[in-house]
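User: I've got this model open on my screen and would like to talk it through before I go back to the bench. Can you take some questions?

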Amino acid sequence: GGEEARLEFVGALTSVAERGSDGPLSALISRMADSCIAVRLAAMEGLVRLAPPGHEVVLRKVLAALDIWCEPAPDSTSIRAFEASDPRLRCACLDILVALSTQGGQDGSAGVDDTRGPDDGEGEDAMEDEIERAAIGRIDDCNEFVRRRALNAIASLVPKNSCRAIGRLCVRLSHPDHAVRDVAVAALCVVCDKGNHTAVGVIIDAFLTHPEEDVRRSALNALVRVGKQGDSQAASAVCQRLMDANLGVRRLAARALKHLAAVGDSNVAQALLSESLRELRG
């Protein structure tokens, strides 16, 4: 049938076309809108193989397609929307972004290179920002496989210790879906060096005292994963959660202090002793 013919055409084109050739790339881009999902996926696999890194036209088409494929289904709820498209399409978009992006690998904590002029690289920076936002945005995906693929993409695309990415990831710590919060914590571990002050500060200031107990738990988990033992700021903040209204948060705070407090910290020891006595009194 017609679908099989188009699929064979895409496969043959991918096999014989020269890398970076505009004609084949345009043909593959057009097949991303095919009515057959197998053809779409084959076309996107072809783009991974034929498009050179940094190809702006392909990257913009993929980002636009990802936006469309992330639109919620008509019967989604306002509390937790779920995407209408096949999750394989969203995974394929992430694969292309990873394959074609020139971002990642460097340390993003130092900011922009001082040797560049004010207008140098503005287009590249804007594109990198769009790609980073798209990859981090798929942490919110309703599909577990897309979230996992997003985590892998973040590892490849996001510069180490990027303050911009840390902010975007920390926001997900208050997401209503615990699975999204868990992936956000994992992504912070990928992006941040242990003890990153920006991440630790944001988690403490914005989420450790959040009104939702599940968010406070996620913040404690994030501090354990991102914080460093001997960090007095983190240990002091976690000590406050020993008096949390929720027993689960209090217990998690006690466990977190084993990883964050310095050995011999008398203030932490006293806080733990006071809390243990309070628990014994019921």
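Analyst: Sure, here are some questions and answers on this predicted model.

User: Let's start with confidence. Which helix has the highest mean pLDDT, and which the lowest?
Analyst: Across the whole protein the mean pLDDT is 90, with 89% of the residues at 70 or more. Going by helices, the low end is helix 14 (residues 266–280), with a mean of 82. The high end, at 98, is helix 3.

User: Where does the pLDDT drop below 50?
Analyst: Where pLDDT is low, the predicted coordinates shouldn't be read in detail. There is a stretch here with pLDDT below 50, and beyond near neighbours in sequence it makes 2 contacts in the model. That stretch is residues 110–118.

User: On to helix 4. How far apart are its end C-alpha atoms, and what span should its 14 residues give?
Analyst: Helix 4 covers residues 56–69. At 1.5 Å a residue, the expected span is 20 Å. The end C-alpha atoms agree with that, being separated by 20 Å.

User: How wide an arc do the buried residues of helix 4 cover around the axis?
Analyst: The buried ones are Val58, Leu59, Val62, Leu63, Ala65, Leu66 and Trp69. They sit on the same side of helix 4, because the arc they cover around the axis is only 165 degrees.

User: Which exposed residues are on the face of helix 4 turned away from that buried side?
Analyst: Exposed here takes a relative accessible area over 50%. On the face turned away from the buried side of helix 4, the exposed residues are Asp67 and Ile68.

User: Now salt bridges. Asp34 pairs with Arg6, so which of the two is buried and which is partly exposed?
Analyst: Their side chains meet at 2.6 Å, N to O. The pair links distant parts of the chain, 28 residues apart, with Asp34 in the loop between helix 2 (22–31) and helix 3 (37–50) and Arg6 in helix 1 (residues 2–16). Arg6 has a relative accessible area of 25%, so it counts as partly exposed. At 2%, the buried partner is Asp34.

User: How many residues apart along the chain are Arg149 and Asp95?
Analyst: These two form a salt bridge, with the closest N and O atoms 2.7 Å apart. Arg149 is in helix 7 and Asp95 is in helix 5 (residues 87–100), so the pair links distant parts of the chain. Both count as partly exposed, Arg149 at 32% and Asp95 at 33%. Along the chain, their separation is 54 residues.

User: What about Arg217 and Asp214, which helix holds them both?
Analyst: Arg217 and Asp214 form a salt bridge too, with 2.7 Å between the closest N and O atoms. They are 3 residues apart, about one turn of the helix. Arg217 is partly exposed at 25%, and Asp214 is partly exposed at 37%. The helix that holds both is helix 11.

User: Which helices do the buried residues of helix 11 pack against?
Analyst: Among the buried residues of helix 11 are Val215, Leu220, Leu223 and Val226. The buried side packs against helix 9 (178–191), helix 10 (197–206), helix 12 (232–240) and helix 13 (247–260).

User: Which helix gives the most residues to the largest nonpolar core?
Analyst: That core has 82 residues, and Leu97, Ile154 and Leu188 touch the most other members. Leaving out residues up to four places away in sequence, Leu188 touches Ile166, Leu169, Cys170, Leu173, Ile203 and Val226. The top contributor to the core, with 8 residues, is helix 5.

User: Two loop residues to finish. Is Asp141 buried or exposed?
Analyst: Asp141 lies in the loop between helix 6 (122–137) and helix 7. Its C-alpha atom is 9.4 Å from that of Arg90, a residue 51 places away along the chain. Buried takes under 20% relative accessible area. Asp141 has 0%, so it's buried.

User: And what is the phi of Asn161?
Analyst: Asn161 is found in the loop between helix 7 (144–157) and helix 8 (163–171). It's buried, with a relative accessible area of 5%. Most residues other than glycine have a negative phi. Asn161 isn't a glycine, yet its phi is positive, at about 65 degrees.

Key
Residues numbered from 1 in each chain as written. Predicted model: local features only at pLDDT ≥ 70, side-chain atom pairs only at ≥ 80, totals over all residues. Heavy atoms only, no water. Helix = DSSP H or I, 4+ residues; strand = E, 2+ residues; numbered from the N terminus. Buried < 20%, exposed > 50% of the residue type's maximum accessible area, 1.4 Å probe, protein only. Expected span 1.5 Å × (residues − 1). Arc of directions from axis to C-beta. Salt bridge = Lys/Arg side-chain N within 4 Å of Asp/Glu carboxyl O. Contact = heavy atoms within 4.5 Å. Core = buried A, V, L, I, M, F, W, Y, C linked by side-chain atoms within 4.5 Å. pLDDT = per-residue confidence, 0-100.
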